[in-house]
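Thank you all for coming; I would like to take a few minutes to walk through one structure with you. Please have a look at it on the screen before I begin.

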Amino acid sequence: MFCKANRFGVLLLAGAAMASVSTAAIADVLVTRSIGAAAREYPRGTRLADDAVLTITRGDSVTVLTSNGTRQFRTPGRWRVDGRRVLANGNLS
């Protein structure tokens, strides 16, 4: 039914599809907008690790796109990109 060239193309396409699915599972965090002093540290388009900690000062705003959706940070403090606040002793609140 299929000639060898078509079978090879189908297998190649299936392999590419599987490779793209596995890379989508490794989610990065993307900075989509930043205002204030944080704009120098987190410019738009910056990729962050899933466990990155953002330091937000008064007047700053950072918006990130995660695998769970968009999240905006405006309150001063140290924040993990998953939304949990990092306390002074390093614990999460």
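**A strand, a sheet and an aromatic pair**

Let me start with threonine 63, which is found in strand S4, the strand covering residues 61–66. Before I go further, please keep in mind that what we are looking at is a predicted model.

Is threonine 63 buried or exposed? Its relative accessibility comes out at 10%, and because the cut-off for buried is under 20%, threonine 63 counts as buried. As for what surrounds it, if we leave aside the neighbours within four places in sequence, threonine 63 is in contact with Leu30, Val31, Thr32 and Arg33, and also with Thr70, Arg71 and Gln72.

Now let me turn to the sheet. Three strands make up an open sheet, arranged in the order S3-S6-S7, and their pairing is antiparallel. The edges are strand S3, at 53–56, and strand S7, at 85–86, each of which pairs on one side only. As a general reminder, strands of a sheet pair through backbone hydrogen bonds, and they may do so in a parallel or an antiparallel way.

How many bridges link S3 and strand S6? There are four, and the two strands, with S6 spanning residues 77–80, pair in the antiparallel sense. If you would like to follow individual partners, leucine 54 has tryptophan 79 in S6 as its bridge partner, while valine 53 is matched in S6 with arginine 80.

On the other side, S6 and S7 run antiparallel and are joined by two bridges, and here arginine 78 has valine 86 in S7 as its bridge partner. The hairpin of S6 and S7 has four residues between the strands, and in that hairpin glycine 83 takes a positive phi near 105°.

That brings me back to tryptophan 79, which we met a moment ago as the bridge partner of leucine 54. A search of the whole structure turns up one aromatic pair, and this pair is formed by phenylalanine 73 and tryptophan 79, with 6.3 Å from centre to centre and 45° between the planes, an arrangement described as tilted.

Are these two residues buried or exposed? Phenylalanine 73 has a relative accessible area of 4% and is therefore buried, and tryptophan 79, with a relative accessible area of 14%, is buried as well.

Notes:
Residues are numbered from 1 along each chain as its sequence is written. This is a predicted model: local features need pLDDT of at least 70, side-chain atom pairs count only at pLDDT 80 or more; totals for chains, interfaces and linings use all residues. Side-chain values use heavy atoms; hydrogens and water are left out. Buried means under 20% relative accessible area, exposed over 50%, partly exposed in between (1.4 Å probe, protein chains only). Contact means heavy atoms within 4.5 Å. Two strands pair if DSSP finds at least two bridges between them. Rings of Phe, Tyr and Trp (its six-membered ring) pair if their centres lie within 6.5 Å; planes under 30 degrees apart count as stacked, over 60 as edge-to-face and the rest as tilted.
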